[in-house]
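Biologist: Please take me through this model, one point at a time. I should like to see the structure before we begin.

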Amino acid sequence: MELEGLNDAVEFGAEMREENFSFQEGETFLNHGSYGSVPKCVQQVRRRFLDEMSRHPDDWYRRNVYKYWQESQKAAADFMHCDPKDLVFVENATTGINTILKSCRYKAGDILLYTTLTYKAIAYTCQATAELYEGVKSAELDIQFPIASEDEICEKYEDFFKSNPETKIAVLDAITSPSAVVMPLKRLITLCHRYGVLAVVDGAHAPGLLPVNLTELGADAFTGNFHKWVYTPRSCAILHVKREHHSWVHPLVTSWNQHLTLDEQFFLVGTIDHTAYVSAKYAVEFYQRIGGMDKIIGYTSKLASEAHEYILKKLKAEPLQIPQSMESPTMRVIQLPDLSQYPCTREGSIAFHTDIRYKYNIQCAIEVIQGHLHLRISTQVYNTLEEYKRLADCLLEVIQADKKN
Ligand SMILES: Cc1ncc(COP(=O)(O)O)c(C=O)c1O
């Protein structure tokens with residue numbers, strides 16, 4: 001299969017959007033971080049795989065799909081710098097973390113650690129896993145803004161490990177969500193290992209966004225979405241498991257290959273649609289052909305800085321209080337003023353998001369962080385500064401209208 005129809009000779013920005021993406025006309029998408037976006041040529045690859053499956057289901061499942069899956073596994077492993085035998089596909093990062101936490105065996109007293117910045121679905125996974133075992137607990141490490149330095153984070157973890165030697169697993173973020181903080185991951189993994197704690201990484205946003213070398217990183221397990229920043233169709237994430245843990249890690253769904261190798265087990269989890277996974281190879285090709293990490297992150301991080309600065313000035317707002325070294329290259333967070341129309345609750349954030357979407361046709365993330373509404377913007381190769389300027393104007397209109405009421 002070839003990647004067809006890619007126009008890689010276009011400039012990033014409006015032309016890239018027009019040529020290579022299929023967004024609804026008249027809509028502005030400034031929220032790539034939530035669901036990613038699939039280039040037209042990668043959508044086409046997936047459709048061709050679906051057609052092949054429909055033409056001859058027996059050939060697809062009995063003969064062809066494992067070969068395609070392994071090719072894609074190899075492309076994903078090369079992209080993440082690891083041995084393909086240690087990397088498998090799962091539907092999403094939530095499944096990746098659930099897989100590791102629920103494969104692990106615990107004894108009374110064990111602690112599963114997450115933080116106040118952990119993605120809620122993952123925090124709930126820690127709690128739900130602990131509840132499966134008598135005497136096992138989950139604990140939340142308190143991390144509040146402002147964050148002064150990476151050292152401050154490492155010290156908090158170290159203090160916790162010192163006073164809680166029963167900590168079995170720490171779920172570490174690569175980039176938090178919705179707060180978009182880049183955590184000092186390598187240092188935290190080293191710290192975990194010094195205290196005999198398994199380091200399980202929620203790298204939901206990391207592939208394609210941060211330069212991750214999974215072999216050097218040394219986490220016990222790492223999951224990351226490819227459907228966010230690597231342009232694969234949804235649902236496609238990777239799960240990397242250190243060789244020494246293969247014996248106890250199994251898919252959440254027990255199937256025919258239960259007693260075989262890690263990749264054979266994760267390939268066969270009943271009869272599923274593998275087409276997002278087997279398209280990953282082509283999404284990686286798209287990523288590389290439009291310029292690879294240097295060019296993509298070069299463009300998107302400059303755009304994020306400019307957009308961030310513009311919105312802050314326009315709204316006279318505050319950025320999230322974190323050191324520059326912990327800022328995500330392609331996502332920025334801005335505190336919004338407290339507004340009477342939109343309470344600082346989940347319902348308030350949904351109402352705000354809905355109004356921006358339907359009044360102005362703009363997609364952005366609005367979330368509650370530490371009791372206040374915050375805006376999170378994402379930047380991608382199809383975005384331009386003009387789009388964030390328009391967002392700032394629209395936000396200002398909403399804020400000024402609220403003040404008049
Ligand atoms: C830090 C973090 N963890 C986990 C997830 C869950 O990703 P998914 O819904 O693809 O499982 C997200 C999604 O945005 C995230 O940002």
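Modeller: Buried area is the accessible area, taken with a 1.4 Å probe, that two parts lose on being put together, summed over both. Please bear in mind that this is a predicted model.

Biologist: How much area do domain 1 and domain 2 bury between them?

Modeller: The domain assignment places domain 1 at 82–270 and domain 2 at 292–404. Their C-alpha centres lie 28 Å apart, and 24 residues of domain 1 are in contact with 23 residues of domain 2. Carbon and sulfur atoms carry 67% of the area buried between the two domains, and the total is about 1900 Å².

Biologist: Which three residues of domain 1 supply more of the area it buries against domain 2 than any other three?

Modeller: The share supplied by this trio is 29% of the area that domain 1 buries against domain 2. The residues are Phe145, Pro178 and Trp229.

Biologist: What polar and charged features does the interface have, and how many residue pairs are in polar contact between domain 1 and domain 2?

Modeller: The salt-bridge rule finds zero such pairs across the interface of domain 1 and domain 2. On the side of domain 1 that touches domain 2, the classes are 17 nonpolar, six polar and one charged residues. Polar contacts are nevertheless present between domain 1 and domain 2, and the count of residue pairs is six.

Biologist: Which residue precedes Pro178 across a cis peptide bond?

Modeller: Pro178 is found in the loop between strand E5 (167–173) and helix H8 (185–194). The peptide bond into Pro178 has omega near 10°. The preceding residue is Ser177.

Biologist: Is the peptide bond from Phe145 to Pro146 cis or trans?

Modeller: Pro146 is found in the loop between strand E4 (137–141) and helix H7 (150–163). Most peptide bonds are trans. From Phe145 to Pro146, however, omega is near 0°, and the bond is cis.

Biologist: What is the phi of His81?

Modeller: His81 is found in the loop between helix H4 (57–80) and strand E2 (87–90). Most residues other than glycine have a negative phi. His81 has a positive value, near 55°.

Biologist: Which strands stand at the edges of the open sheet of four strands?

Modeller: The order in this sheet is E9-E10-E13-E12, with antiparallel pairing. Two bridges join E9 to strand E10 (residues 331–335), and Pro319 stands opposite Ile334 in E10. Each edge strand has a single partner strand, so one side of each is left without a neighbour in the sheet; these strands are E9 (318–319) and E12 (365–369).

Biologist: Which residue forms a salt bridge with Asp8?

Modeller: The structure holds 17 salt bridges. In the one formed by Asp8, the closest N and O atoms are 3.5 Å apart. The pair links distant parts of the chain, 281 residues apart: Asp8 is in the segment before helix H1 (14–20), and its partner is in helix H12 (residues 275–289). That partner is Arg289.

Notes:
Residues are numbered from 1 along each chain as its sequence is written. This is a predicted model: local features need pLDDT of at least 70, side-chain atom pairs count only at pLDDT 80 or more; totals for chains, interfaces and linings use all residues. Side-chain values use heavy atoms; hydrogens and water are left out. Domain bounds come from an automatic or database domain assignment. Contact means heavy atoms within 4.5 Å. A salt bridge is a side-chain nitrogen of Lys or Arg within 4 Å of a carboxyl oxygen of Asp or Glu. A polar contact is a pair of N or O atoms within 3.5 Å; within protein, one must be able to donate a hydrogen and the other to accept it, and residues adjacent in sequence count only if both atoms are side-chain atoms. Ala, Val, Leu, Ile, Met, Phe, Trp, Tyr, Cys and Pro count as nonpolar, Asp, Glu, Lys and Arg as charged, and the others, Gly among them, as polar. Two strands pair if DSSP finds at least two bridges between them.
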